[in-house]
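Let's walk through this model together, starting with a pair of strands and working out to the sheet and the cores.

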Amino acid sequence: MSDLIKNQSGEYSLDNISREDRSNYIICVLGATGYVGGRLVPELLEKGWRVRAVGRSISKLKCRPFASHERCEVAAADLFDSSSLLNVLSGCYAAYYLVHSMQGSGGDFAAKDRTAAQNAVQGAQEAGLERIIYLGGLIPDDPHISHHLKSRAEVGEILSGGKVPCTIFRAGVILGSGSASFEMIRYLVDRLPVMITPKWVQTETQPISIRDVVFYLAGSLEHSETVGDAFDIGGPYIETYERLFRIYQDEAGLHRRLIIPVPLLTPYLSSCWLGLVSPIPLGLARPLVMGLRNRVVCKDYRIRDIMPCELTDCRLAIRRALDKVQQQIVDSCWSDAGAISNPEWAACGDAGYAGGTVFHTAYRIKLEGCREKLWKDILGIGGKNGWYSWNFLWQIRGLIDKIFGGVGLNRGRRNSENVMVGDALDFWRVIDVQPDERLLLLAEMKVPGEALLEFTLEPEGDEKTVLTMTARFLPRGVGGLAYWWSVYPFHSIVFKGMAKALAANTSCKVLEGPTLIKGSAPRCHLPKV
């Protein structure tokens with residue numbers, strides 16, 4: 001980095017680097033498949049930087065639209081693996097740290113965040129980075145700070161305690177299509193004409209649009225004044241959560257909601273209720289609700305002088321988010337984050353006894369042609385389109401999942417027409433997409449085992465197409481066995497109905513089926529992630 005320009009303080013800066021020369025500097029984005037990272041990478045590319053987009057799943061990264069950009073490279077790394085982290089940081093000028101473990105399963109997410117941040121500091125020092133840029137949370141003036149906010153603050157302290165200068169941006173509620181905060185507001189107001197709310201509905205907060213968050217993050221590379229400092233970022237107005245509900249109500253064209261604050265709902269009960277009526281699972285709803293008790297507003301506004309911009313007010317931010325949701329063209333979503341875990345038991349060549357008995361149900365239907373039409377309908381499954389047949393059974397299953405703390409069907413899908421590896425699709429996760437051939441989904445609902453749902457299309461001769469739908473399940477314990485046999489009778493109803501509906505949508509002649517495939521279902525190779 002010998003050609004970097006020194007500022008008056010003697011520090012290296014990219015302030016005056018021309019757009020043409022920016023491509024000489026690699027900017028690493030840790031957490032590129034997350035909600036903020038998925039929007040930051042395209043902005044950095046638009047500004048002319050060379051970007052190394054990093055996540056835990058290489059196949060998930062390769063499916064992102066930015067992956068095909070000539071100045072973008074994708075790389076996989078695990079923040080708990082120091083060697084892989086050092087590999088992706090080597091050769092970079094700066095790194096954005098946009099990861100946290102709040103959605104992780106098992107253990108203490110604060111301990112995981114602490115370890116990951118320490119590894120990042122060590123890796124940044126060894127790789128010779130010039131800067132780290134971190135997005136944390138606004139810190140309230142309250143001794144009873146939530147566990148979540150305390151953890152975000154601790155990560156900032158760890159990152160800024162290393163030898164590599166760290167810029168910290170602290171934000172509160174982030175409003176944008178697909179953000180957890182916006183989804184919480186949307187589902188509460190959409191579904192509840194009468195809301196009996198905890199006292200936190202009167203808590204003040206300073207929401208910021210995702211566009212403005214990305215503006216500050218991306219623009220900080222061009223402002224040496226931000227190096228090694230921490231800044232509060234927020235929108236132009238301080239609001240209460242009740243006021244946000246009212247704004248959403250107006251922008252969505254809904255009748256006035258009756259909001260009744262009561263002192264009886266504990267944070268735990270509030271999180272359970274939020275988890276039930278929204279797509280946010282209980283594991284994420286709980287830390288979110290705990291943070292809602294704290295007043296989180298900006299304490300300083302220095303960043304507005306350093307990086308002036310016309311900030312987006314809450315009404316406009318919610319209006320834009322609603323437009324994206326209604327058009328089903330959400331760029332990134334809170335559910336994008338997280339690793340993809342491919343079950344090893346489904347790999348080709350595994351013996352029947354490897355990892356336990358795998359149960360399966362498979363149905364096939366043969367049509368005259370129609371491969372392209374079938375594939376389009378398969379890609380459109382779930383979300384507002386539903387599951388084409390017996391939707392009420394899927395909804396009952398989703399409700400049961402929510403009751404037990406799962407994600408349920410409310411999560412929907414990011415895009416109405418296309419899916420990418422890593423996308424959430426109702427209570428499934430897309431783990432493989434082979435155009436015109438295969439869609440493979442991993443269950444993320446609460447089940448005593450692991451489940452896969454697969455759709456495959458195969459040509460037969462010149463004019464025939466065979467659609468096969470296969471459900472696989474690896475039970476865990478007696479509960480897993482009981483679960484499989486309790487849902488097994490419904491497979492015939494659901495799969496036959498779905499196959500017939502898909503065939504009807506294409507208007508193509510059914511030549512055979514749908515029929516049950518007897519015997520062992522084919523074992524399928526899972527892509528490397």
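**From one strand pair to two cores**

Strand β16 (residues 359-368) runs antiparallel to β22, and four bridges join them. This is a predicted model, where local features need pLDDT of at least 70 and side-chain atom pairs count only at pLDDT 80 or more, while totals for chains, interfaces and linings use all residues. Residues are numbered from 1 along each chain as its sequence is written, and side-chain values use heavy atoms, leaving out hydrogens and water.

Within that pair, L367 sits opposite V510 of β22. Zoom out and you get an open sheet of seven strands, antiparallel in its pairing, in the order β17-β18-β19-β20-β21-β16-β22. Pairing here takes at least two DSSP bridges between two strands; strands are DSSP runs (E, at least two residues), helices likewise (H or I, at least four), numbered from the N terminus. β17 (424-425) and β22 (510-516) are at the edges with a single partner strand each, so one side of each has no neighbour in the sheet.

Now for the packing. The largest nonpolar core (buried Ala, Val, Leu, Ile, Met, Phe, Trp, Tyr and Cys residues joined through side-chain atoms within 4.5 Å; buried is under 20% relative accessible area with a 1.4 Å probe, protein chains only) has 41 residues, and W387 and F455 have the most contacts inside it. α15 gives the most to this core, with seven residues.

Which residues does W387 touch, leaving aside neighbours within four places in sequence? Its contacts (heavy atoms within 4.5 Å) include W394, W428, F455 and M498. Apart from this core lies another, of 40 residues, among them V36, L135, I210 and I303.

Methods:
Buried means under 20% relative accessible area, exposed over 50%, partly exposed in between (1.4 Å probe, protein chains only).
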